[in-house]
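Subject: Handover of a structure for your review

Dear colleague,

Please find below the structure that I am passing on to you. My notes on its arrangement follow directly after it.

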Amino acid sequence: MRIFRFILAFVATVLCIWQLSISHKTGDKSLPSIGDFFNPFTGFWCNAEASNAWAKSDISQNLPGLQGKVEVIMDKNLVPHIFAENMEDAARVQGYLTAQQRLWQMDIGARKAGGRLSEVLGERTLSVDRLTRRRGMVYAAENSLIGLQKDPASLRLLDAYVAGVNAWINQLSPADYPIEFKLLGYAPEPWTMLKTALMIENMADMLAGGDSDLSATNALAQFGRATFDSLYPAFIPKQIPVIPDTGQWKNLHSPLATYHPTNADLSKLEPSPLEDRSGLLREGPEGYLRGSNNWAIQGKRSASGHPILANDPHLNLTLPSIWYQIQIHTPQMNCYGVSLPGIPNVVIGFNDDIAWGVTNVSHDVADWFKIHWLDGAHETYELDGSKTVVKKRVEKIEIRGAQTLYDTVRYTFFGPVVYDFDPKSPLHDCAYKWVSHDVPKENLITGFLQLNCGKNWQDYQSGISGFDCPAQNFVFASRSGDIGLQVQGRFPLRMPEQGRFVMEGNKTANGWNAYIPQNEVPSMKNPSRQYVFSANQISTPQSYPFYYLGNFDAFRGRRADQILQSLTNGTVDSMKNMQLDNYSIRAAEAAPAMLKCLDRSRLDETGRKMADEIEHWNHWYQPEFQAPVYFDVWWDSTYLNIWDEITRLQKANVSIKYPDAWRTIQMLESEPNNRFFDHPETPNKETAREVVTEAFLNMQKFFKENPGQNTDWGHFHALDIKHLAGIDGFSRLKMPIGGHKTALNAIGKSNGPSWRMIVSLEEKTRAYGVYPGGQSGNPGSRFYDNMVDTWMQGQYNDLWLMQSSGDAPDQMLAKITFTAQ
């Protein structure tokens, strides 16, 4: 009997050990082995960081490849201040420290950009990886590296950065892996230059990879030219452009005849609707616009008599944060700001002499071209009357737990044919042309290095000249008193309306084959109004001779101009208040127009109280207010009621463009009998009055059926900052906050100001900033999200631009001395 019990216990033990050592599936997700994850020596326990982990420590660290000693001061927010004897040593240490804090973020970001998520996440991400590869992301990154080869100094800098990242990776044991590697059951791999290029292309894709070619083509086919022009005007009449016309374009003419000898009349394009049976390409109401702001004022408008610059780029908010704060001090530069993990140098920041910041330009730099195939196998196509052979690129996509996919992508003169594997896609015969596919003349690493070292306007212009994609509005200020702003990017030289619709791909003339010359991109220095600003609005007035198109904000730029126009004796606090401004011009224009149309005789007592609440509202999205809750639900219902024809087409799998909010407000104000207010399926002819009132009653019904939503704006609009893997336990969720996507403080439910920075360029530069996260990517560290509450409360941290490694020891958390041996 004892032998039997022994054998039974032995078998049970073996089975238990076996169960603990294997991975488990739950639904379509694969979990790591329980034994590995809970192992007290290598499991998640090892990721807990002691509260005093950095307490006044003095650390000596060996880092192979250094040419000299590098000292790093870690301040109280775990921001590294790097003091190196040369640029390459600084880059090596930057790579090492960034990997130390953000390794998994870098790894998963490079995998996403490179179409390699399925290697660790399995088949559920295969469609994402396949589309990434087929859109040419890796191809673009490879071409970016070709451009980098033109500058040996930048190549050495990147090589040092990569070596620093790998120095950190090489000394890790499984116990040291970031917790996400343990959760997902895979190990870090070496960093490469290609991965850095992929991180750059990922940002380009996020900010400048979109287009509305398909939805605009379908709108034109559905409504005809006259109605299309009425619903989708190319210019926003009330908007104040980034660069006004001061006569600088008087003698400037577009040289299109030089580049496009056949000049097709694109305005007569009459396409047929392109049905999207795949459901992947439909455009939602009021397409999401990532709002960002920047501005600078001259000393004549500031209390100190010196320029002040402010920037707050708005992006999806995540943990770990998109940004990593850093100072880099070498004999050539002394620069502070934020970097992107995986990319060397400072992206947004300041030094002893200048400051700069960015917002997205929002130009459309990606087009679709319908290919005219000459054979069923799609090996050849017509181009300028001749047979042209496609070039093939085989994408190898490895899939965890499944067979490797070898996906052949056809490249044409215009670019890759992205959707030819999917006959349901309306773009299955179309090639995708994107600015970032081309080999750049210069590279971002060189550009940011020049900015980091810059001392004046000339250095600033030289530094940003190589910045091609994503195009950015670069604001500038210097301690010498200059301010300026340049709309910087590589912009296609287009004929009117070229790229607005899906184009025919049988003529090279239908594609753009050249770019607006660098010296003719919109730019201004020291304007007479004594300020510059951008908020993703249109770049220029219509007098600018070059045609462009894009997705431009209609409201925030006007608010910025209102404040700056009236600003005198501006201070850092003035700039803070402006960044935190919750006033919405969209609400200020839409609410009165909607209230004017509202038939109050149809409202009950509760409805009348709601209408009164909206009527007496000051159009500020303050967290404690209730009126913006009622208004926003009413606006959404009104908008969808007006554009119900488009919603029906979307549901019928026709991707079609929704009109902008400003055009909708314009119709409410001055076109109450516009045919789009009428519901064709009803016997009566509706006007704006009926539609707006119906939407109000729908709003009232919504709150009656969802009483928990009848709360203040802060709770209704609560913010989620989610972990990159969507792990709630590593996220900050449902945080009540003010702001709105149409206010300068453009906070949505998952996006907002990713970095607030204000720089006062006085005799001794004063700077302040904050982002909603922390320097560490480790959820077990107190530096993981320690700045979220500061950001939520509208507060800022001092940005400590040290002059030497011995400055202000009371700010020091730890000191690390790096040597080669």
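Helix 15 has these buried residues: Arg-556, Gly-557, Arg-558, Arg-559, Ala-560, Asp-561, Ile-563 and Leu-564. Please bear in mind that this is a predicted model. Since 8 of the 11 residues of helix 15 are buried, this helix is largely enclosed by the rest of the structure. Its buried residues pack against strand 6, strand 24, helix 16 and helix 17 (585–597).

Two of these neighbours, strand 6 and strand 24, belong to an open sheet of 6 strands, arranged in the order 24-6-7-28-29-30 with antiparallel pairing. Strand 24 (531–534) and strand 30 (797–798) are at the edges and have a single partner strand each, so one side of each has no neighbour in the sheet. Within the sheet, strand 7 (residues 308–312) and strand 28 (residues 756–760) run antiparallel and are joined by 4 bridges. Asn-311 has Met-757 in strand 28 as its bridge partner.

Two helices pack on this sheet. Helix 15 (residues 556–566) touches strand 6 (293–297) and strand 24, and its direction makes about 160° with that of strand 24. Helix 16 (residues 572–579) touches strand 6, strand 7, strand 28 and strand 29 (766–770), and makes about 160° with the direction of strand 28.

The loop between strand 6 and strand 7 contains Arg-301. Is Arg-301 buried or exposed? Its relative accessibility is 13%, and buried means under 20%, so Arg-301 counts as buried. Leaving aside residues up to four places away in sequence, Arg-301 touches Arg-529, Gln-530, Tyr-531, Leu-564, Gln-565, Leu-567, Thr-568, Asn-569 and Gly-570. Of these contacts, Gln-530 lies 229 residues from Arg-301 along the chain, yet their C-alpha atoms are separated by 7.0 Å.

A further pair of helices deserves mention. Helix 6 (residues 137–148) packs with helix 9 (residues 193–208) at an angle of about 120°, and their axes are 8 Å apart. Angles that are neither under 35 degrees, over 145, nor from 65 to 115 count as oblique, and helix 6 and helix 9 are therefore oblique to each other. Their crossing is right-handed. On the side of helix 6, the contact involves Met-137, Val-138, Ala-140, Ala-141, Glu-142, Ser-144 and Leu-145, which meet Met-193, Leu-194, Ala-197, Leu-198, Glu-201, Asn-202 and Asp-205 in helix 9. By class, this contact has 9 nonpolar, 2 polar and 3 charged residues.

With kind regards

Note on methods:
Residues are numbered from 1 along each chain as its sequence is written. This is a predicted model: local features need pLDDT of at least 70, side-chain atom pairs count only at pLDDT 80 or more; totals for chains, interfaces and linings use all residues. Side-chain values use heavy atoms; hydrogens and water are left out. Axes are lines fitted to C-alpha atoms, for helices over the stretch in contact, and angles run from 0 to 180 degrees between N-to-C directions. A crossing is left-handed if the near helix is turned anticlockwise from the far one by less than a right angle, and right-handed if clockwise. Contact means heavy atoms within 4.5 Å. Ala, Val, Leu, Ile, Met, Phe, Trp, Tyr, Cys and Pro count as nonpolar, Asp, Glu, Lys and Arg as charged, and the others, Gly among them, as polar. Two strands pair if DSSP finds at least two bridges between them. Buried means under 20% relative accessible area, exposed over 50%, partly exposed in between (1.4 Å probe, protein chains only).
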